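Reader: I'm new to this and I get lost when I look at a whole model at once. Please pick one spot, take a close look at it, and then walk me outward from there.

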Amino acid sequence: MVITQAVLADIPDLVKLLGWLFEQECEFESKPDLQGRSLKKIILNPAIGIIYIAKKSDRILGMVSLLFTESTALGSRVSLLEDMVVTPNDRSQGIGSKLLKHAIEESNRLGCKRITLLADLENHQARRFYQKHGFHKSAMVPYRFIIESVIK
């Protein structure tokens, strides 16, 4: 297995992966056209973020995406771990751990001082996974404002 940066040709497989991820999350749903459009923007502009994939032969086993911004609190670049998923048949083989380790190392290499992620409240397996890898609950509570619901 190798971990490499995603390219445009990977988008159909990445959209499938996101479909599996969104089946586990209560706030999101699979919308392949929208997901494909955003994946393309990220792949074409590494200043926005980077998507890493785990591959064996020519098959994509999993992905992790990092988005970048600046933190005024830290005075430095930070990353948001936006999506992380492994194909259902390839889970529990250490692929997710390797992807996460790679994302942490790359965030560090790129000058990020923090990685933030959101995990679905009911996805206890994911929450245990991230805690096992050194992530902890923040005192900050996420709030969302969906703009398209207001502007029609």
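Author: One bit of vocabulary before we start: a helix here is a DSSP run of H or I with at least four residues, and helices are numbered from the N terminus. Keep in mind, too, that you're looking at a predicted model.

Our spot is Leu39, which sits in helix H2, the stretch covering residues 32-44. Is Leu39 buried or exposed? Its relative accessible area is 4%, and buried means under 20%, so Leu39 counts as buried. What does Leu39 touch, if you skip its neighbours within four places in sequence? The list is Ile11, Leu14, Val15, Leu18, Ile51 and Met63. One of these partners, Ile51, has a number that falls within strand E2 (49-56), while Met63 has one that falls within strand E3 (59-71). For a sense of scale, try Pro88: it is 49 residues away from Leu39 along the chain, and the C-alpha atoms of the two are separated by 21 Å.

Now step back to the whole chain. It has four helices and five strands, and from the N terminus they come in the order β-α-α-β-β-β-α-β-α. The radius of gyration is 15 Å, close to the 15 Å that the globule rule gives for 152 residues, so the chain is as compact as a globular protein of that length. If you boxed up the C-alpha atoms along the principal axes, you'd need roughly 40 × 40 × 35 Å. Leu39 has company on the inside, as buried residues make up 38% of the 152. Take the contacts between residues at least 6 apart in sequence: 58% of them join residues at least 24 apart.

What about the outside? The accessible surface adds up to about 10000 Å², and carbon and sulfur atoms account for 54% of that. As for charge, there are 21 positive and 17 negative side chains, with the centres of the two sets 4 Å apart.

Next, go back in for another buried residue. Ser107 belongs to helix H3, residues 95-109, and its relative accessible area is 2%, which puts Ser107 among the buried residues. Beyond its neighbours within four places in sequence, Ser107 is in contact with Leu66, Ser79, Cys112 and Ile115.

Two other serines tell another story. Ser57 is in the loop between strands E2 (49-56) and E3 (59-71), and at 70% relative accessibility it counts as exposed. Ser92 is in the loop between strand E4 (76-86) and H3, and it counts as exposed as well, at 77%. Their backbones are worth a look. Most residues other than glycine have a negative phi. Ser57, though, has a positive phi of about 60° without being a glycine, and Ser92 has a positive phi of about 65°, again without being a glycine.

Last stop: the rings further along the chain. A pair of aromatic rings is described by how far apart the centres are and by the angle of the planes. How many aromatic pairs does the structure hold? Two. In one of them, the ring centres of Phe129 and Tyr130 are 5.3 Å apart with the planes at 75°, so this pair is edge-to-face. Tyr130 also pairs with Phe135, again edge-to-face, at 5.8 Å centre to centre with 70° between the planes. Together, Phe129, Tyr130 and Phe135 make one aromatic cluster. Tyr130 is buried at a relative accessible area of 11%, and Phe135 is buried at 17%.

His133 is in the segment after helix H4 (124-132), and it is partly exposed, with a relative accessible area of 26%. Leaving out residues up to four places away in sequence, His133 touches Ser97 and Leu100. Ser97 is 36 residues from His133 along the chain, yet their C-alpha atoms are separated by 7.9 Å. Both Ser97 and Leu100 carry numbers within the 95-109 range of helix H3, the helix that also holds Ser107.

Notes: Residues are numbered from 1 along each chain as its sequence is written. This is a predicted model: local features need pLDDT of at least 70, side-chain atom pairs count only at pLDDT 80 or more; totals for chains, interfaces and linings use all residues. Side-chain values use heavy atoms; hydrogens and water are left out. The radius of gyration is taken over C-alpha atoms; the globule rule is 2.2 Å times the number of residues to the power 0.38. Buried means under 20% relative accessible area, exposed over 50%, partly exposed in between (1.4 Å probe, protein chains only). Contact means heavy atoms within 4.5 Å. Accessible areas come from the Shrake-Rupley method with a 1.4 Å probe; for residues, only the protein chains shown count as cover. Lys and Arg count as positive and Asp and Glu as negative; His and the chain ends are not counted. The place of a charge is taken as NZ of Lys, CZ of Arg, CG of Asp or CD of Glu. Rings of Phe, Tyr and Trp (its six-membered ring) pair if their centres lie within 6.5 Å; planes under 30 degrees apart count as stacked, over 60 as edge-to-face and the rest as tilted.
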